[in-house]
Amino acid sequence: MKKFRYPMQSILEIKRKLEDQERSNYAAAQMRLNAENEKLAELSARREEYEERLRDTVGKRLVPAHIRRNQEAVEVMKLLIRQQTVQVRKAEQNVEAAVHRLKAAMIERKTQERLREKAFADYLGELEAEERKEIDERVSFQHGAVGAVPEMTE
C-alpha cells in the first residue's frame, strides 16, 4: 500500500508559519495601541490636574506669574494630547492593517489545508479503487481455479 504524500506540504507549512507571524505582528500592534492609549490617558489626567491648579490659583489670589505658568502648562498639555491622539490613530491603523494581513494569511492557510484534504480524499478514493481491483482479481482467480479442477471419475 502506498503512503499518502501531499506534494505541496512545504507550502502549507510556510502558510502556517506566515499566519503565526502575522498573529505575533497583530499582538505587537495591539500592545503598542494599548501603550499609546495609556499615554493619552496619563496626559489627559495631567491636563486635568493642571487645569485644577489653574482654577485654584485664580480662586485664591491673583498672582499673574502663577496664573500664566499654569495656563502655559495647560496649553502644553493640550498640544501633547493632540500629538498623542495622532499617535493613537496611527497605532489603530497599524492594528487594522495587522488584522487584514492576519485574515489574508488565515485564508491562504485554510485554502492550502482544503487542497490537502481534497488530495487526501482523492488518495483514499484511489486506494479504495486499487483494493477493489485486487479483490476482484482474487475472486476471479479463485473462481477460475475452482472451475479448472478436473473431476475424478471412477
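Three short exercises on a predicted model follow, each with a worked solution. Local features need pLDDT of at least 70, side-chain atom pairs count only at pLDDT 80 or more, and totals for chains, interfaces and linings use all residues. Residues are numbered from 1 along each chain as its sequence is written, and side-chain values use heavy atoms, with hydrogens and water left out.

**Exercise 1.** Decide whether E22 is buried or exposed, and find its contacts.

Solution.
- Locate E22: helix α1 (helices are DSSP runs of H or I, at least four residues, numbered from the N terminus).
- Apply the cut-offs: buried is under 20% relative accessible area, exposed over 50%, partly exposed in between (1.4 Å probe, protein chains only).
- E22 has 15% relative accessibility, so E22 counts as buried.
- Skip neighbours within four places in sequence. E22 then contacts R101, L102 and A105 (contact means heavy atoms within 4.5 Å).

**Exercise 2.** Which residues form the nonpolar surface patch with M8?

Solution.
- Place M8: it sits in the segment before α1 (9–60).
- M8 is partly exposed because its relative accessibility is 31%.
- I11 lies in helix α1. Its value is 33%, so I11 is partly exposed too.
- Patch members have over 30% relative accessible area and no salt bridge (side-chain nitrogen of Lys or Arg within 4 Å of a carboxyl oxygen of Asp or Glu); nonpolar side chains (Val, Leu, Ile, Met, Phe, Trp, Tyr) are joined within 5 Å.
- The patch is M8, I11 and L115, with about 210 Å² of accessible area together (Shrake-Rupley method, 1.4 Å probe).

**Exercise 3.** How far apart are I11 and A104 in sequence and in space?

Solution.
- In sequence, the separation is 93 residues.
- In space, C-alpha to C-alpha, I11 and A104 are 15 Å apart.

How values were computed: Patch = residues over 30% accessible without salt bridge, like charges linked within 9 Å, V, L, I, M, F, W, Y side chains within 5 Å. Helix = DSSP H or I, 4+ residues; strand = E, 2+ residues; numbered from the N terminus.
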